[in-house]
Amino acid sequence: MTEITGVILAGGKSTRMGMDKAFIPIGQTTMIKKIASELRKVFSRVMVVSNKREFLYQHLGLPVVNDLRSGCGPLGGIHAGLTFADTPYIFVVACDMPFIDARLIPVLVGTCSGYDAVVPRIKECMEPLFAVYSKSCLPSIEQVIDNKNFKLVDLLSRLKVNYIDESRLNLVPDLKRVFININTPRDLLELVKYS
Ligand SMILES: Nc1nc2c(ncn2[C@@H]2O[C@H](COP(=O)(O)OP(=O)(O)OP(=O)(O)O)[C@@H](O)[C@H]2O)c(=O)[nH]1
């Protein structure tokens, strides 16, 4: 998969968690290391998008780029990922999804031709932070940012999106687990259930 760059979004404030979610320990590793290793199974190019100091990510051995439009949440990270990637598409993952599974990625990537984005939709719930985006999204992203609307659902409503439902993603045993994201200390405690 040479035409796509894997992008880890790691520029969030982690306000609800109270500590940087990227570096939360998960077993013998950390959230961001685990995600980087899943992406490396599929992509030869993987980058981190953040607005924090680069040395924090040095141990990952990955290129790090900074948000170009700050204060826009994950949308700013997607914007920077698309701008800096030298591939026509990127695959975006949030750094707070410890159970992502690389086996699902080819299903999403394999259907991106002709679309601005490919997004899983599980029981009517969109998963835009485990999704494919094309550089063709950039004008719409810039428009919504200029309008100070940082909601990903509003961006998606302007794009040609291929929504992938669970029947096409059922090649992993527990699909719900894959899309778990961690926001609060309580979410972290509940992880025990899924480990
Ligand atoms: N590059 C970049 N990534 C971001 C930004 N804001 C959020 N993210 C990432 O997007 C994903 C989802 O973030 P959220 O949980 O919505 O926001 P957060 O700021 O990390 O957490 P809260 O402060 O608790 O809302 C995480 O991987 C974040 O690191 C941003 O401004 N820039």
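Which residues does D96 touch, not counting residues up to four places away in sequence? In this predicted model, the list runs to K21, M31, N181, I182 and N183. As for where D96 sits, look in the loop between β6 (89-94) and α3 (105-109). D96 counts as buried because it has 22 C-beta neighbours inside 10 Å, and the cut-off for that label is 20 or more.

D96 also turns up in the UniProt record. There, an unreviewed entry carries a "binding site" annotation that covers L9, A10, G11, K21, D67 and D96. So K21, one of the contacts of D96, is on that list as well.

A10 is another residue named in the annotation, and it's worth a look too. The loop between β1 (4-9) and β2 (25-26) is where A10 is found. A10 is buried, since 28 other C-beta atoms lie within 10 Å. Leaving aside residues up to four places away in sequence, A10 touches A22, I32, V48, V49, S50 and C95.

Now for the ligand itself. It is surrounded by 24 residues, and the closest of them are G11, G12, T15, G77 and A94. Two elements, β4 (46-50) and α2 (74-84), each give two or more residues to this shell. Of these, α2 gives the most, with 3 residues. Sorted by class, the shell is a mix: 9 of its residues are nonpolar, 10 are polar and 5 are charged. G11 links the two parts of this picture, as it is among the closest residues to the ligand and is also covered by the "binding site" annotation from UniProt.

Methods
Residues are numbered from 1 along each chain as its sequence is written. This is a predicted model: local features need pLDDT of at least 70, side-chain atom pairs count only at pLDDT 80 or more; totals for chains, interfaces and linings use all residues. A residue is near a molecule or strand if its C-beta atom, placed from the backbone, lies within 6 Å of it. Helices (H or I, at least four residues) and strands (E, at least two) are DSSP runs, numbered from the N terminus. Ala, Val, Leu, Ile, Met, Phe, Trp, Tyr, Cys and Pro count as nonpolar, Asp, Glu, Lys and Arg as charged, and the others, Gly among them, as polar. UniProt positions are given in the numbering used here, feature names are shortened, and annotations may be inferred rather than shown by experiment. A residue is buried if 20 or more other C-beta atoms lie within 10 Å of its own, exposed if 12 or fewer, and partly exposed in between; C-beta atoms are placed from the backbone. Two residues are in contact if their C-beta atoms, placed from the backbone, lie within 7 Å.
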